[in-house]
Amino acid sequence: MRGFRKSLMCSSSTRAAFGIAMFTVAAPALAQTASAPAQAPAQADDGDQIVVTGYARSLADSAATKRKANAIVDVISAEDVGKFPDRNIAESLSHLPGVTVDHQFGEGEQVSIAGVEPALNRILIDGHSIASADWGGNPSDRSSRSFNYSLLSPEIISQAIVYKTPEARLQEGAIGGTVDVVTRKPLDLKPNTITASGGYAYNDRSNRGSPRASILYSWHNDAGTFGVLGSVGYDRQYLARAGVAVYGYMTGDTFFQKDAAGKVVNDASGNPVPINPALKVNGGSYTDLLNARLPAFLAHEYFEQTRQRLSFSGAMQWKPADNLTLTATGLVISGNYDNFSTSEYSYNTRGGLAQQATVSNGLITSATYGPGTGTNWTGELDTNFRRTRIKNDSGTLAFNWDVSGWNVSGNGGYSRASGGKQPEYLLNFRTLQGFTVGANGRNTSLDWQHPASDGSNWVSTSPGESKLQDEPAVLAATNGAGYFGAQIGGITNADQTVDDEKYGQIDFQRDVAFGPLTKIMFGGRYNDHGNQQSSYGGATFTNAAFTLADLGPYTLASDLYDGLSTSGNGTPFATLTKEAMIAALTGSNVLNVTRPLDTSGYFRVKEKIYTGYVQANFETGKFRGNIGGRFVSTKDDSYYYANSNGQASLQHSESTDNRFLPAFNIAYDAGPGVVLRAAAAKVIARPRYSQLAGALSLDDTQSTGSAGNPDLKPYAATNFGLSAEWYFTKAGYVSGEIFYRDISNYISNVNLNVQLTNPLTQQSRTYAISQPVNGGKASVTGFSLTAQTPIAYGFGIQANYTFADADTGLSGQGLPYLSRNTYNIVPYFERGPFQARVSYNYRSKYFYVFGRLSSADYTDSYRQLDFSASYKVLENFTITANASNLLDETYYQYSSTPSAPTALYKNGRTFSLSASFRM
């Protein structure tokens, strides 16, 4: 079966490659045989030349930048000032070959390049770093060096350049690729340029709409020596995601008796002995049940979020002399990502309550449990509100000076970001009902003893859970008296992230005529970076028992889970509004306490990076390119806590890493419009901050523990690239690219027996420690085929296909976020005042993460179909309509095999209408 599946995947990629190849052959012929190449709406400049505008212009600009580059790059260009192809930059980037995004929350937030996960890629804005913090509820990696692209306003962007092969002059830190976002500058635009837009977007799953608006103004004096630009953007978006989730997998041994050593008890015949002697097994024996995988918890979830972003950007340029330009830029982003989630799930771990179970192909696909008693709960309802704020402030001062044949440029700046939950409210209820649960691929079911819409069967606590609470936070809140009751939730301030960077850089370059050398470049850079994460816990106690029904619940809409293939009376379920949940946690019959700093989740890293580079550009005959190297010295100071036996002590570790990173790019102009390229480079990507400074936790009773690793070295790779490109019109070209990433120092978590001295007790012993270490190896091999061309009568098309394969040395284990097959097809039409395009994107399955209970989670193949159309009513006034996720695609994740689901989500379709004004 595995071989058959493999052959299907190969044949699928072969068909896609064949289709692209056939198209690349036909495209030039179509362009040449058309009576006149299609052009976008045009306007005359001061001469007789026709200036192409609109989407066709953006394609031509992108092709021109790609063609002139010495490295292997791909480019997205704005159609006009304030008009980027998509409202989300990550979505635009995903139309490029080898670039993919994840759609767990509907819109793209991070990008993978050449099959390499987001944490190992970089984003720069005008060549410099930007601090990053996320909203706290996102499963994306808050402690990595990635960036949430949904925060960037597209109005200020001129181009986004994806460097798939590096040059020595570019900042290091990416294995897959680097995205450099180029923003607008006032001296590059006409004076008194104004763009303004406003619109409204509607999501059919949240049944809510939201406004969007932006305005940009740019001015410079008649002499072109002083200019200012300012932009304000406001965007509000309502997200609603219904889903079914499995919280990890375990084995069927939960149904069987165990001895004192934790081993399953067998009877005289060697068969395992069930806890419930009457347990019935369908589709197999007790032994089959014992070895089968069991979904630990099955949940129905509903998530709502308001994403509100207010951004300010500005630039000022001054040319005090013809050979000197001074530039100041600033970016302020304020994000409100408040979200409310509710989930109701069964405890499939109560083996003693099991009455029957069905086994199929190594999975327990259904099971029936009897009701629990006392505190032997069988299910839980969680309600969770996160008040989240994201802030990003960045500023840069730069100069560019031509003096005595030299070009000297430099910049210095500061970037700071903060984010997290401020605060997070959590209230839960439990039930003792019996239930029947099923999960088999995309089909799930949950039937409670009573319909989930009946809130009277869900209780806050039981008398058996109440006890005298005497933890320090409670004693402090009660003047030492303590509190008799049980915890029902809490109010916390969790995952508070602060990320900041100060930097300075200076670059020198000079045109030369020394053999094949045409330019020499050298320079240096200093980065002072800090990253910190902290959490403060909280707990809510009550001595009053109440049910969900007592708090005025409401029942979710009956059609909310349509299309998710889930059945049973587990949906729709009763839950609370955000307001009712907060009222219950802050009422008169509860005690709220704030706990001190969570030392197990705290870390701080101070990182200083010193770099110097030299690069030589060359050109001889039809060859051109660059060669150079970059010396990088990274010094990390990691601060974290050692935790043991209820005590904690702050620790400090230092590490230094020095390395030289050579880079070589060569291009050969083989003929009219034909460019051949080759590249090789050494690259690095630094570890996640939490891996460097993860808390040291030691259990002296079990001699076990977990830790970060301040001695981690960066991921290292040797990258190779080859490409061939044929430009047959200004906007039309076909290209093929081959890429290879040979990754060493790969970081992964392992269990090691380590001789340690407990810093709190000063006693030495051997601990079984789980921690991240270097040493893993992996490689990524792939190719991309790309074609874009105008066809005739205003029609044109973009298409690309990428194949990527990873070798990790582990059978069946790929690299995170690597899809074997991805492709994009974007047909467009642009003629006169009307423009329209359809974007279809496909990516095959990919390994996602090791999830709950060490489940190896994969995300299944995903399709995205979007549509955009605009009409220029007046020369300066355009109306645009957009629709995204028209297929209402299901986001499906599974554990190891597609028959073992971990998540099914639907984010709904989004429709928007906007108007824009330009002058």
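# A tour of the strands, salt bridges and a cavity

Start with strand β19, residues 363-369. This strand is mostly covered: 7 of its 7 residues are buried. Bear in mind throughout that the model is predicted.

**Stop 1: around β19**

Keep β19 selected and add strand β18, residues 354-360. The two strands run antiparallel, joined by 6 bridges. Pick Ala 357 to see one pairing: its bridge partner in β19 is Ala 367. Now look at the link between the strands. β18 and β19 make a hairpin, with 2 residues between them. Click on Asn 361 in that turn; its phi is positive, about 50°.

Which strand is joined to β19 by 4 bridges? Select residues 435-440. This is strand β23, and it runs antiparallel to β19. For a landmark here, take Ser 366, whose bridge partner in β23 is Gly 438.

When you show side chains along these strands, keep one rule in mind. In a regular strand, side chains alternate between the two faces of the sheet.

**Stop 2: a four-stranded sheet**

Move to β3 (residues 73-77) and β7 (157-163), then add β8 (178-183). Add β6 as well, residues 122-125. Together these make an open sheet of 4 strands, in the order β3-β7-β8-β6, with mixed pairing. Which strands stand at the edges? They are β3 and β6. Each has a single partner strand, so one side of each has no neighbour in the sheet. Look along the sheet to judge the twist: neighbouring strands are turned by 15° against each other on average, direction ignored.

Zoom in on the middle of the order. β7 and β8 pair in the antiparallel sense, over 6 bridges. Use Gln 159 as a marker; Val 182 in β8 stands opposite.

Next, select helix α2, residues 54-68. The helix packs on this sheet and touches β3 and β7. Its direction makes about 155° with that of β3.

Within α2, pick Ser 58. Is Ser 58 buried or exposed? Ser 58 is buried, with a relative accessible area of 3%. Leaving aside neighbours within four places in sequence, its contacts are Ser 77, Ala 78 and Glu 79.

**Stop 3: salt bridges**

The structure holds 33 salt bridges. Three are worth selecting here.

Begin with Asp 74 and Lys 164. Their side chains meet in a salt bridge at 2.7 Å, N to O. This pair links distant parts of the chain, 90 residues apart: Asp 74 sits in β3, while Lys 164 is in the loop between β7 and β8. Both ends are covered. Asp 74 is buried at 2% relative accessible area, and Lys 164 is buried at 5%.

Go on to Lys 421 and Asp 495, which form a salt bridge at 3.1 Å, N to O. This pair also links distant parts of the chain, 74 residues apart, with Lys 421 in strand β22 (residues 421-431) and Asp 495 in strand β26 (residues 483-514). Lys 421 has a relative accessible area of 8% and is buried. Asp 495 counts as buried too, at 14%.

The third pair is Lys 519 with Asp 511, at 3.8 Å, N to O. Lys 519 is partly exposed, at 22% relative accessible area. Asp 511 counts as exposed, at 57%.

Now select six residues at once: Lys 66, Asp 74, Lys 164, Arg 677, Glu 725 and Glu 737. Salt bridges that share partners join them into one network.

**Stop 4: inside a cavity**

How many cavities of 30 Å³ or more does a search of the whole structure find? It finds 15. Go to the second largest, which holds about 340 Å³ of space.

To find this cavity, select Arg 122, Arg 145, Glu 501, His 529 and Tyr 689. Of the 27 residues in its lining, these lie nearest the centre. Then colour the strands that contribute. β6, β26, β27 (517-542) and β32 (603-620) each supply at least two residues of the lining. Which strand gives the largest share? That is β27, with 4 residues.

Two strands here were met earlier in the tour. β6 is an edge strand of the four-stranded sheet, and β26 carries Asp 495.

Definitions and conventions: Residues numbered from 1 in each chain as written. Predicted model: local features only at pLDDT ≥ 70, side-chain atom pairs only at ≥ 80, totals over all residues. Heavy atoms only, no water. Salt bridge = Lys/Arg side-chain N within 4 Å of Asp/Glu carboxyl O. Buried < 20%, exposed > 50% of the residue type's maximum accessible area, 1.4 Å probe, protein only. Pairing = 2+ DSSP bridges. Axes fitted to C-alpha atoms, helices over the stretch in contact; angles between N-to-C directions. Contact = heavy atoms within 4.5 Å. 1 Å grid on protein atoms, 1.4 Å probe; cavity = no way out; pocket = protein on both sides within 12 Å on 5 of 7 lines; lining within 4 Å. Points joined across faces, edges and corners; volume = space filled by probe spheres on them.
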